[in-house]
Each structure stands twice: as structure tokens, then as C-alpha cells.
Amino acid sequence: MAGLLASIAPDGPAPPAAPGAGDGATVLGERPAGPRLLDLTVRSPALAGVAHVRLLLPAGWSRAAVAAGRRWPTLWLLHGCGGDGDHTSWTANTALERLAGGHGVIVVMPEGGRTGNYSDWWNRGGGGPPMWETFHLTELRQILERGYGAGTARAIAGVGMGGTGALAYAARHRGLFRAAASFSGAVNTLHLDERGLDVADVIELGVAIGGGPSHWTDLWGDPDEQRVVWRQHNPYDLADRLAGVRLYISSGDGMPGPYDPRPWPGPGPDILEALAHRVGLELAGKLKTLGIPASTHFYQGTHRWPYWGRELHAALPILLAEIT
């Protein structure tokens with residue numbers, strides 16, 4: 001770590017080599033978190049507060065190399081809702097450092113809020129914070145490109161809420177990401193389930209559990225009254241905009257699989273994963289109808305990190321092939 005990060009102060013303000021974004025977002029501090037791991041604290045106008053980002057830096061990264069114009073592809077990894085994540089989750093729950101550390105990419109793991117849903121919140125039509133999409137794709141992207149050697153070849157993946165966000169980001173910002181993957185994402189947010197659990201119900205529950213001051217309809221409005229807003233953030237409705245993006249979509253069926261406890265403690269399947277499975281199949285079917293190729297993996301398993309670590313291992317070669 002000392003050799004790689006020799007020019008990085010372990011704490012305190014970022015050095016001049018790490019400028020801010022155009023709207024005033026800036027790095028307040030840096031902290032090495034392990035070999036090639038660097039945690040950033042970022043002050044964000046889009047969030048009206050502070051957020052954290054973890055970077056996995058490639059071999060050969062240095063302040064001097066960045067100053068000399070060296071650039072690296074980036075792989076963005078988005079965490080899930082609530083207890084499924086924060087900016088540390090990918091390194092805490094998967095073998096990311098071993099899997100991606102030797103591929104010459106900067107891995108970007110940003111905080112996305114407990115229930116931020118990777119969106120600029122509608123806020124009853126008024127907009128304003130939290131603006132997670134603006135933070136990630138404008139403020140943070142500028143910071144990384146101006147001060148940390150991030151290039152323009154990008155791929156993105158996420159789990160749960162982050163899987164939905166990864167595909168939405170790729171669709172809403174055409175050309176920004178060359179590849180995108182969803183692991184157990186609710187990729188059709190307007191799905192109505194005949195068994196009584198809709199994706200909107202899950203979003204409502206997630207925002208409530210998140211403990212923030214907002215009502216769940218502050219995210220995109222009411223799914224009926226503000227349907228246009230919902231569709232503008234729904235990967236299923238944006239499927240045609242994923243043409244040209246290398247895609248990987250996976251989820252379990254909710255039934256206990258090889259990484260689940262035995263005996264299975266529940267009376268039935270994992271309802272969150274079963275729902276992700278149904279909407280994943282819906283999106284895969286629509287992509288096929290549109291003639292947009294996608295790699296898919298639908299398996300027996302539940303909504304847990306051991307499966308997502310396995311899916312990262314499977315998807316990584318597909319993602320990296322598009323950016324390296």
C-alpha cells in the first residue's frame with residue numbers, strides 16, 4: 001500500500017491533484033482502506049451533504065502517472081438497499097480485490113443511500129436533494145476524471161437496488177457505459193404481481209425502513225399519477241435505449257440453493273428474490289423481442305451476497321471485455 005499510495009495523505013483535505021466537480025463538489029478527505037483501496041469523502045451540492053466512495057486502484061496507479069496523463073477504464077459497482085450495502089459492501093462481501101485487481105481498471109464503489117434508488121428524487125415536483133444520479137454521473141465522474149485518472153471507457157453493475165440503478169443509468173445516459181449488469185435487480189419497477197407483491201410495494205417498504213424523512217412517493221411520485229416519471233426510471237420501459245450496451249442479467253428463483261442455510265428457515269421462497277426473478281425474465285423477454293442481445297443467468301437461490309459474488313465472477317469477463 002505504501003508504494004501505491006505514497007503520494008496520498010492518509011487523512012485530511014485532498015491534494016491539489018484531486019480537483020472538484022464543476023458545481024463545487026469536492027473531495028474533503030482520503031483514507032487508504034487496504035492494499036490499493038482508497039476511501040474518499042466527498043462534499044456534494046447535489047446531496048446537500050457528504051457522501052463516501054471506495055476506489056480499487058490498479059497496479060501502476062500513482063499521482064505522478066495521473067499528472068502525466070495516464071488514464072484507466074472504470075468499473076462502477078453499485079450496492080443494494082438498506083442492509084445490502086454501502087460503499088464498502090463489495091469488498092466486504094466478495095472477492096473483488098482478487099477478481100478485478102489485476103485487470104488495469106479503476107473500480108468505483110460509491111455510496112448510494114440506504115434507499116436512494118440511484119435517482120434524482122422527484123420531491124413532489126420540486127426536485128432538489130437527494131440527487132444521487134447527479135452526484136454519481138456528474139459530480140463524482142468529474143472528480144474521478146479530473147483528479148484520479150478515470151478514463152471514458154466505463155462499465156457498471158449492481159445488486160438489488162443497485163442492479164436496477166445500473167441498467168437505468170446505462171439506458172438514461174446512452175453512450176456513458178459500454179456494459180451493464182444487474183444481479184437480482186427489480187428491473188421492471190411497474191411490475192404488477194398477481195400474487196400481491198408489486199415492485200412499488202418493495203420500494204415503499206424500503207424507503208420506510210431506510211428511516212429517512214421522506215415519503216416514498218417523493219422518489220418518483222405516485223406510480224399511477226406520476227407514471228411518466230416512473231417510466232423514465234424503469235429499465236423495462238427504457239429497454240430500447242440499452243441497444244449497443246453489453247448486458248448481463250441474473251437472479252435467483254427465491255428457493256434455497258447451494259449458499260443457503262439448511263434446513264431452510266422460511267415457510268416459502270425468498271419473496272424479494274422471487275420477484276427479482278420474475279421481472280428479470282420479463283426484461284430478458286422484452287430485450288429478445290427488441291433484438292437486443294443479453295447474457296442471462298437465472299438460477300436456484302435467494303437474495304444474498306454469496307450468490308452475487310458468484311455472479312460478479314461470471315459477469316466480470318463480459319464487462320471487462322468491453323472496456324479493456
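**Exercise 1. Aromatic rings around Tyr-299**

Determine whether Tyr-299 and Tyr-307 are buried or exposed, and classify the geometry of their rings.

*Solution.* Step 1: Tyr-299 is buried, as is Tyr-307; buried denotes under 20% relative accessible area, exposed over 50%, and partly exposed the range in between, with a 1.4 Å probe and protein chains only. The model is a predicted one, in which local features require pLDDT of at least 70 and side-chain atom pairs count only at pLDDT 80 or more, whereas totals for chains, interfaces and linings use all residues. Residues are numbered from 1 along each chain as its sequence is written, and side-chain values rest on heavy atoms, with hydrogens and water left out.

Step 2: Rings of Phe, Tyr and Trp (its six-membered ring) pair if their centres lie within 6.5 Å; planes under 30 degrees apart are stacked, over 60 edge-to-face, and the rest tilted. This rule yields 11 aromatic pairs. For Tyr-299 and Tyr-307 the centres are 5.6 Å apart and the planes at 20 degrees, so the pair is stacked.

Step 3: The charged end of Arg-310 sits over the ring of Tyr-299, 4.7 Å from its centre. The criterion is NZ of Lys or CZ of Arg within 6 Å of the ring centre and within 35 degrees of the ring normal. Lys-286 likewise has its charged end over the ring of Tyr-236, 4.4 Å from the centre.

Step 4: Ring pairs also link Trp-90, Phe-183, Tyr-248, Trp-305 and Trp-308 into a cluster.

**Exercise 2. Salt bridges**

State which parts of the structure the salt bridge between Glu-30 and Arg-63 ties together.

*Solution.* Step 1: A salt bridge is a side-chain nitrogen of Lys or Arg within 4 Å of a carboxyl oxygen of Asp or Glu. The structure holds 10 of them. In the bridge of Glu-30 with Arg-63, the closest N and O atoms are 2.7 Å apart.

Step 2: Glu-30 belongs to strand 1 (residues 26-34) and Arg-63 to helix 1 (residues 63-67), so the bridge ties together parts 33 residues apart in sequence. Helices (H or I, at least four residues) and strands (E, at least two) are DSSP runs numbered from the N terminus.

Step 3: Both partners are buried, Glu-30 at 3% relative accessible area and Arg-63 at 9%.

Step 4: In another bridge, Arg-227 meets Asp-224 at 3.6 Å, N to O. Here Arg-227 is partly exposed at 36%, and Asp-224 is exposed at 61%. Bridges with shared partners join Arg-141, Glu-145 and Arg-154 into one network. Within it, Arg-154 and Glu-145 meet at 2.8 Å, and Arg-154 is buried at 6%.

**Exercise 3. Helix 5**

Compare the end-to-end distance of helix 5 with its expected span, and identify the elements against which its buried residues pack.

*Solution.* Step 1: The expected span is 1.5 Å times one less than the number of residues. For the 12 residues of helix 5 (residues 161-172) this gives 16 Å, and the end C-alpha atoms are 16 Å apart, which agrees.

Step 2: Since 11 of the 12 residues are buried, helix 5 is largely enclosed by the rest of the structure. Among the buried residues are Met-161, Leu-167 and Tyr-169.

Step 3: The buried residues of helix 5 pack, through contacts (heavy atoms within 4.5 Å), against strand 4 (72-78), helix 4 (132-147), strand 6 (150-159), strand 7 (179-183), strand 8 (246-252) and helix 8 (271-290).
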